[in-house]
Amino acid sequence: PMKKLYFSLVFILGLWSMLNAQWVSPGNGTTYTIEDLVEVSNGCVMWIDGNQQYRIENDLTISANDKLDVNHSLYFNNNVTLTIKGSIEAINTDTYYSLAFSGNSGVGGRIRLEDATGPCVFRRCNITELDGIQIIESEAVFTDCHFQNFRCEQQSAAVNCMNCDPVFTNCEFDNNNGSAISSPANGQTSPQITDCIFFWNVSMSNNPHINLGPGSQDSIRIVNCTIHAGDEMAGGISISDLMGTGDTKILLKNNNINNNRYGYNQQGYHLSSTIIGNTFDQNKLGTNPMNGGSGISIYGMDENNKAYIRNNIITKNHWGVTVINAADVDLGTEDDWGNNLIYDNGHVINYGANYQYYDIYNNTPNDIMAIGNYWGTVDEQEIEEHITHQYDDPNLGLVNYIPFSTDDAIEETTNASFAIWPNPAQGCFTVEGKGRMTIVITLGQILLSKNIDGKETIELP
């Protein structure tokens, strides 16, 4: 009996210790500063005088309707999770990244934004050496933030998103062990990623810098970003819907994607992308071209995987554009030229001295329109030798690439500028200039694309 009593007493004391090791705010609409948490959290947040820092010692939850106002840098003990179910505001008004969320030499802490009842705003924060950030059905905005040295031991990315549309503006992701931003295959997430820099991420896995599953009702937007460098396993961007979960729309515009294992991969069901004005250059870090290396790869489970590709530079990759299985790709039509520069993509074959060009590889039974692009030459026979399609294998579809363009014509069209009035306009406006004008609405869909020569009145459909 004494042994049983002793065991029960130890168990009760252990349970009391575990219960006392975390703190949950009451959910009564209170806003807490870091100093407040030192006073009320029963030791979960402490001021460490010797290190001159505030540190989360045990799991901490800010409940629904409560708010955390982060006015000082915050350090995390090993395996500690800060959960936000209310809201958080971490806004640094200084010029430098003096507001920090940081782990230590052990297994980094975590930030979990879960069903947050208010906005979660991070501005000019230095977020380092954590294990990861999770965003689950929460409104999250990151502006001018630096994500660095995430361990990613318990999740595959520095920031993992599910069933939400987080915003990343002017952020930098570097030297993280996993992907920078990811979302799962069983959720619907459309991040808005603008003016961000990604480099030397994915050091421990075969993943891209940005690794997304199906999108939500909003479009996935990746605009004006630089995505480059890493070891030979690091890809650029991958967006996939392998289970036919949603109807994913994608806008990929004005990005510089270079020196990765591959540039952009789009795979699965019900994806529709607009790919405009990007550079895909030297995405061939993997030494074996059979394992990747495309500037753009579109793998369709059916013909509802679509891509509209205009005004891009696609060069010096193992493969330029690869179209696989049943995808529907538009690289240019007679009325709407592609104006892409696609050249010098290829690799050595059979481990010998023979170099084979692969500017486009149509590995589908469908025909592809690719009119009005520049292929590094104006010699039709030479262009033909750089394209793999029906002439090489009767089971493949045809690539229609004639008429093609010169680099001068592409440059003129790509750099065309227009005067538009009134601006903004609704329904009808006047445009003056010379070149091809393409109007892309916020969902990433092409509303109008036509050649302009002089002054013209446009009525939007």
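Which residue forms a salt bridge with K67, and how far apart are the closest N and O atoms? In this predicted model, the partner is E89, and the closest N and O atoms lie 3.7 Å apart. The pair links distant parts of the chain. E89 sits in strand β9, which covers residues 87–91. K67 sits in strand β6, which covers residues 67–69. The two are 22 residues apart. E89 is partly exposed, with a relative accessible area of 28%. K67 is also partly exposed, at 26%.

A search of the whole structure finds ten salt bridges. One of them joins R310 and D330, with an N to O distance of 3.0 Å. This pair, too, links distant parts of the chain. R310 belongs to strand β33 (residues 305–310). D330 belongs to strand β36 (residues 328–330). The separation is 20 residues. Are the two partners buried or partly exposed? R310 counts as buried because its relative accessibility is 2%, and buried means under 20%. D330 has a relative accessibility of 22%, so D330 counts as partly exposed. The pair does not stand alone: R310, D330 and D336 are linked in a network of salt bridges.

Another salt bridge is formed by E114 and R112. Their closest N and O atoms are 2.9 Å apart. E114 counts as buried, at 18% relative accessibility. R112 counts as partly exposed, at 24%. These two values fall on either side of the 20% cut-off for burial, so the two residues receive different labels.

Two histidines take part in polar contacts. The side chain of H146 meets that of D174 in a polar contact of 2.5 Å. H146 lies in strand β16, made of residues 146–148. At 11% relative accessibility, H146 counts as buried. The second histidine is H209, in strand β23 (residues 208–212). Which side chain does H209 contact? The partner is N201, and the polar contact spans 3.3 Å. H209 is buried, with a relative accessible area of 0%.

The backbone was examined next. Most residues other than glycine have a negative phi, and most peptide bonds are trans. E137 has a positive phi of about 50°, although E137 is not a glycine. E137 lies in the loop between β14 (132–136) and β15 (140–143). This residue is partly exposed, with a relative accessible area of 45%. N224 also has a positive phi, near 60°, and is a residue other than glycine. Where is N224 placed? N224 is in the loop between β24 (220–223) and β25 (226–228). Its relative accessible area is 34%, so N224 is partly exposed.

A cis peptide bond joins I402 and P403. Its omega is about 5°. P403 is found in the loop between β43 (399–400) and α4 (407–414).

The chain also brings A116 and S138 together. How far apart are A116 and S138 in sequence and in space? They are 22 residues apart in sequence. In space, the distance is 5.1 Å from C-alpha to C-alpha. A116 has its place in the loop between β11 (110–114) and β12 (120–123). A116 counts as buried because its relative accessibility is 16%, which is under the 20% limit.

On the surface, charge was considered last. Which residues form a negative surface patch? The patch is formed by D379, E380, E382 and E385. D379 is found in the loop between β41 (368–369) and α3 (380–385). D379 is partly exposed, with a relative accessible area of 38%.

Conventions: Residues are numbered from 1 along each chain as its sequence is written. This is a predicted model: local features need pLDDT of at least 70, side-chain atom pairs count only at pLDDT 80 or more; totals for chains, interfaces and linings use all residues. Side-chain values use heavy atoms; hydrogens and water are left out. Patches are made of residues with over 30% relative accessible area and no salt bridge: like charges are joined within 9 Å, nonpolar side chains (Val, Leu, Ile, Met, Phe, Trp, Tyr) within 5 Å. Accessible areas come from the Shrake-Rupley method with a 1.4 Å probe; for residues, only the protein chains shown count as cover. A salt bridge is a side-chain nitrogen of Lys or Arg within 4 Å of a carboxyl oxygen of Asp or Glu. Lys and Arg count as positive and Asp and Glu as negative; His and the chain ends are not counted. The place of a charge is taken as NZ of Lys, CZ of Arg, CG of Asp or CD of Glu. Helices (H or I, at least four residues) and strands (E, at least two) are DSSP runs, numbered from the N terminus. Buried means under 20% relative accessible area, exposed over 50%, partly exposed in between (1.4 Å probe, protein chains only). A polar contact is a pair of N or O atoms within 3.5 Å; within protein, one must be able to donate a hydrogen and the other to accept it, and residues adjacent in sequence count only if both atoms are side-chain atoms.
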